[in-house]
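Please walk me through this protein model, beginning with its enclosed spaces and then moving to its surface and its charged pairs. I would like to see which residues build each feature.

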Amino acid sequence: AGTAEVRVGPVTALLAGDSGAVAEALAGARLAATAVGVRALPHIAPLLAEGVRLRAERGVREPLNVIVCENLKDAARHVRGLLAERLDPAGRAYLAERVGLVDTVIGRMVPEVPAALRAAQPTLAIAEPYKELPVDRAGFVGPVPDVVGMEPADDFAVYTARKLYLHNAGHAVLGYLGYRKGLALGYEALEDPDVRRILDGALEEAVRGIAARYAADEGWLRAHVADLLRRFANRALADPVVRLARDPLRKLAPEDRLVGAARVAERAGQIPVHLAWGIAGALAYDEPSDPLAVALQERIAAQGVEGVLEEVSGIGRAEALGVAVVTRHRILREGGPWA
């Protein structure tokens, strides 16, 4: 309980617009990381590519390992593709031999700093004390560096699934259903009996699915769920539901947190009715300040919810999961008990 102030330094900042300075920094680095959000990756790819090009041109033999800290399945492969298309043959050969692109799962919760605090303290970041960073050992070129909290893992797919289908899926359920309840903060949604019952059911469906799909130990996964629920309840983080719910189109993708979790749950022979509530909540999300939520509602108005569910999420209207989602979407839009 309580809070602590930690000062981080020394730190040097470079503007992304100063591409030459950024490329020089990368040319001399051994370890780098991205943490910009999936949609911004194409915008920083030219900077990374220029750093790789300089290293190749100068014959730098020491590897550069880049940890890709983004909520995207196969993020490292995606970034490698972005870099390869911006490099000449010599640069691509250097990229293949001397640059490690490393997948990770970011579990630490870092909510947005309130505007007033940001204005008073521009460099302030608020974070929970959790600091475990599993990374894919196979992604590194050369020895894995020793970094506090970084945990190289060999069976990395199960860590990715655990993060996406438990942590991210849990946050999404809190965000979308908390929003339908008119709640402002994630911990308030966690305390709502209807939301909590659905969240518990969704996480259990995902646990069984991950265990079936990845041969993971259910006890290990349930221990992680218990830790997540404790952390979700952290009032000091004050995570807004609109942040948890942001960008519903991306979060409704076939392999993302909700639909992906539902699909692995089906591997355990279940109809994931609780995860269906989360998917329905995402489809019903109509926050006017979120342009992607507005775009989603426009598509539903034009195509119908079944059409959007098929096109965006790959869930057929006649599937058991599709029927469950559409039924719950109707309840959320028209009212009725969340049974």
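A cavity, as the word is used here, is a set of grid points where a 1.4 Å probe fits but cannot get out, and a volume is the space filled by probe spheres set on those points. The model is a predicted one, and every value below is computed from it. The largest cavity holds about 110 Å³ of space. It is lined by 14 residues, and the ones closest to its centre are E70, L72, T104, V105 and T160. The biggest contribution to this lining comes from helix α6, residues 156–180, which gives five residues. By class, the lining of the largest cavity divides into five nonpolar, four polar and five charged residues.

In total there are three cavities of 30 Å³ or more. The second largest cavity encloses about 80 Å³ of space, and its lining includes M109, H171, L174, G186, Y187, R231, F232, N234 and L244. Helix α6 takes part in this lining as well, since at least two residues each come from α6, α7 (186–191) and α9 (218–232). Seven of the residues around the second largest cavity are nonpolar, three are polar and two are charged; the list of lining residues also contains L237, A238 and D239.

A pocket, unlike a cavity, is an open set of points. The second largest pocket has a volume of about 430 Å³, and 16 residues line it, with V22, L26, A32, A33 and L48 lying nearest its centre. Which elements each supply at least two residues of this lining? They are α1, β1 (31–34) and α2 (41–58), and β1 gives the most, with four residues. The lining of this pocket is made up of 15 nonpolar residues and one polar residue, with no charged residues.

Turning to the surface, V6, V8 and V11 form a nonpolar patch there, and together they have about 350 Å² of accessible area. Within this patch, V11 belongs to the segment before α1 (19–27). Is V11 buried or exposed? Residues with over 50% relative accessible area are called exposed, and V11 counts as exposed because its relative accessibility is 63%. A119, found in helix α5 (residues 115–120), is likewise described as exposed, because its relative accessibility is 63%. The C-alpha atom of A119 is separated by 40 Å from that of A276, a residue 157 positions away along the chain.

The charged pairs come next. Side chains of opposite charge can pair when their charged atoms come close. The structure holds 29 salt bridges, and a few of them can be followed residue by residue. R77 forms a salt bridge with D74, and their closest N and O atoms are 3.1 Å apart. In this pair R77 counts as exposed because its relative accessibility is 61%, whereas D74, at 33% relative accessibility, counts as partly exposed. In another pair, the side chains of E85 and R86 meet in a salt bridge with an N to O distance of 3.0 Å. Here E85 is exposed, with a relative accessible area of 59%, and R86 is partly exposed, at 35% relative accessibility.

A further salt bridge joins R333 and D286, whose closest N and O atoms are 3.3 Å apart. Because R333 lies in helix α15 (residues 320–334) while D286 lies in the loop between α13 (273–284) and α14 (291–313), the pair ties together parts that are 47 residues apart in sequence. Both ends of this bridge are partly exposed: R333 has a relative accessible area of 40%, and D286 has a relative accessibility of 29%. Besides such pairs, E128, D227, R230 and R231 are joined into one network by salt bridges that share partners. Among the members of that network, R231 has already appeared above, as one of the residues that line the second largest cavity.

How values were computed: Residues numbered from 1 in each chain as written. Predicted model: local features only at pLDDT ≥ 70, side-chain atom pairs only at ≥ 80, totals over all residues. Heavy atoms only, no water. Patch = residues over 30% accessible without salt bridge, like charges linked within 9 Å, V, L, I, M, F, W, Y side chains within 5 Å. Areas by Shrake-Rupley, 256 points an atom, 1.4 Å probe, with all protein chains shown as cover. Salt bridge = Lys/Arg side-chain N within 4 Å of Asp/Glu carboxyl O. Buried < 20%, exposed > 50% of the residue type's maximum accessible area, 1.4 Å probe, protein only. 1 Å grid on protein atoms, 1.4 Å probe; cavity = no way out; pocket = protein on both sides within 12 Å on 5 of 7 lines; lining within 4 Å. Nonpolar A, V, L, I, M, F, W, Y, C, P; charged D, E, K, R; others polar.
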